[in-house]
Structure formats: structure tokens, C-alpha cells
Amino acid sequence: MPKSLVVLSLKLNQQNNLVMTNFGCHGAGLGLRTPHLREVLRDNPDVPWFEVHICNYLGGGLSKALLEEINERYTLSFHGVNLNLAGIEPFDPDYLKRLKEAVDSLNPAMVSEHACFTAINGVHFHDLMPVPFTKQAVLHLSERISMIQDLLGRQILIENLSRYYRYDESEMSEGAFIAEVSERSDCGLLLDLNNAYVNQCNLGESITGFMAELPLDRVAEIHLAGFTEQDGQLIDTHGSAVSEEVWQAFRLFNQLEPDVPALIEWDNNLPEFSVLMEQRQQAQNILDEYSRVKEAG
Ligand SMILES: [Fe+2]
């Protein structure tokens, strides 16, 4: 067995007493994008769940009536980018109010956000900015996650980021940071394997080492996406098919923790819906394969 898998096995044995988090989505889902809405409503594709960009909905990019119609037919997950979860300014009360109303009225199976900051001193960024992995940031982010969980009356999932630089101030690895934050705040995890792969290539951070540090039974969703190569770096563009390396990472994850719902996350250069369905089926096949292995074992 490769060394990385031995480390993962040891970690898993230590964590066997943790409670498996189940948020209500099953199988391979798709990100719901506006250009595909009509097709989804017309054809009722065989997709177990859809993830909605809640900021798009709250910002008026998706009508309430349409979202309610989708919600009647499919299990939904809300995915956010605008909460400024790790920011140092107070949360925007208007955004929180509208988020809570949406969660209360549509009751999505999962609510997720990124472990990042998106604004500082009133300036909003278009990028998801990572925080330095310090003890102080663990306390800060955990406290902010707990505030949101208390407000919404449910656990949320936090997602790991793609990163392009390292802070000199960091005192621990990303995996150790996320593990500590999730345990302190008792939140779930959304593991984006493409982000982890981008970090492996750009920063030399091992994807298996990263997974080994995470409490895998807190992982309630996997993101699978594509990247773009530019000037020798990988950019997390969500604009292409899932790469072979990310499929391999997904297989590895399933060896360790089968039956975690997975999502094809494709935002830019959107292809025909049928292409997304093919990617979804590929993810479902892997989930089914390792689910069968688990049942047989
Ligand atoms: Fe993601």
C-alpha cells in the first residue's frame, strides 16, 4: 500500500467514532445554471439533485417562481460565495435576512459556503480570498460559521479553496486548518477535489496529504470541476470537463469514504446540457462502483 494510503487508513481508524453527517442529497448532482433552466423544466432530466448558486437567486438572477418549480421536482442544495464567511467585518444584515428567508421557504438539503473572505473595508472582490492558516483564524472562522448555523438553525458545509500563493503567517496546513474549524464549529465539509488538485500542482501540496488531515466523515459533498492551464499555473476556471487526475482523486476518496454525494461544477464556457449529463453519469458510475465494493465488503 502506498505511504499516503497508509496515513489515510490510520487517520480513518482514529476517526471511526465520529458520526457520519448526512444532509439529504444522494448520488451525483449538477450545478443548475440559468441557460439550462428551460431544458431542465421541459425534460425533467434524471438528476438526483441540483446545486443552486444562492447569490444568483438572491441577486435577482433566478426568479422565485422558477426556483420553486425546480424545488418541487428536485432536491436542492444552496451554494454561496458572497457571505464573506472569513471576513473581519460584520455580516451584511440584509444578505443574512434574505438568505434565511430563502432557506426557510425552500428548505434545501444542504447549504454551503467557502472558507474565505470576499470583502474588506467595504471593497468587494470578485475572487474568493483564502485566509492565513493560523490559530487566530481558526477561532475567527469557527465563530462566524457558528453564527450562521445558529441563524439558519442547521449545519452548513464549508468548502476548501483553490489558492495561488501562500501566506508567510500560516501556522498549519490547509487540511489541519479545515479540520480544526469543522470540529470547533461542528460544520460539515464540501471537499472540492479540483481545488485540491490545483493547489497540488501550483503549490506542491499533496492532495492525498490534504485528504489525510480532513475528518472525512464530515465531508457531505464533493465538487468535481475543470481547470485551465495558463503560464504554467492551473487556474480554477470551472470552464472545462473534469480532468483525469481529478477523477483519480475522486476514486481515491471513494475508496476511503464511499456514498458521499458529488457535484459536477461547470460555470464558464457552458456546454450543452447533455455534456453535463455525461459528466454526471461518469461521477455516478464511480459512486456506484465503490458503493458496491462497500456492500460486498
Ligand atoms: Fe467548488
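Visitor: Why does Glu 159 count as buried?

Guide: Buried means under 20% relative accessible area, with a 1.4 Å probe and protein chains only. Glu 159 has 1% relative accessibility and therefore counts as buried. His 223, at 0% relative accessibility, counts as buried for that reason too. This is a predicted model, in which local features need pLDDT of at least 70, side-chain atom pairs count only at pLDDT 80 or more, and totals for chains, interfaces and linings use all residues. Residues are numbered from 1 along each chain as its sequence is written, and side-chain values use heavy atoms, without hydrogens and water.

Visitor: Which residues coordinate the iron ion?

Guide: Donors are N, O and S atoms within 2.8 Å of the metal (3.2 Å for Na, K and Ca); water is not among the atoms, so sites may look incomplete. Glu 159 (OE), Asp 192 (OD), His 223 (ND1) and Glu 265 (OE) coordinate the iron ion at 2.0 to 2.3 Å.

Visitor: What makes the site of the iron ion irregular?

Guide: Four donors count as tetrahedral if all angles lie between 85 and 135 degrees, and as square planar if opposite donors are over 155 degrees apart and all others between 65 and 115; anything else is irregular. Among the four donor atoms the angles are 85 to 177°, and the site is irregular.

Visitor: How do you know that strand 1 and strand 2 pair?

Guide: Strands are DSSP runs (E, at least two residues), numbered from the N terminus. Two strands pair if DSSP finds at least two bridges between them. Strand 1 (residues 28–31) and strand 2 (residues 49–53) have two bridges, in the parallel sense, and so pair.

How values were computed: Helix = DSSP H or I, 4+ residues; strand = E, 2+ residues; numbered from the N terminus. Tetrahedral: all angles 85-135°; square planar, octahedral: opposite > 155°, others 65-115°. Buried < 20%, exposed > 50% of the residue type's maximum accessible area, 1.4 Å probe, protein only.
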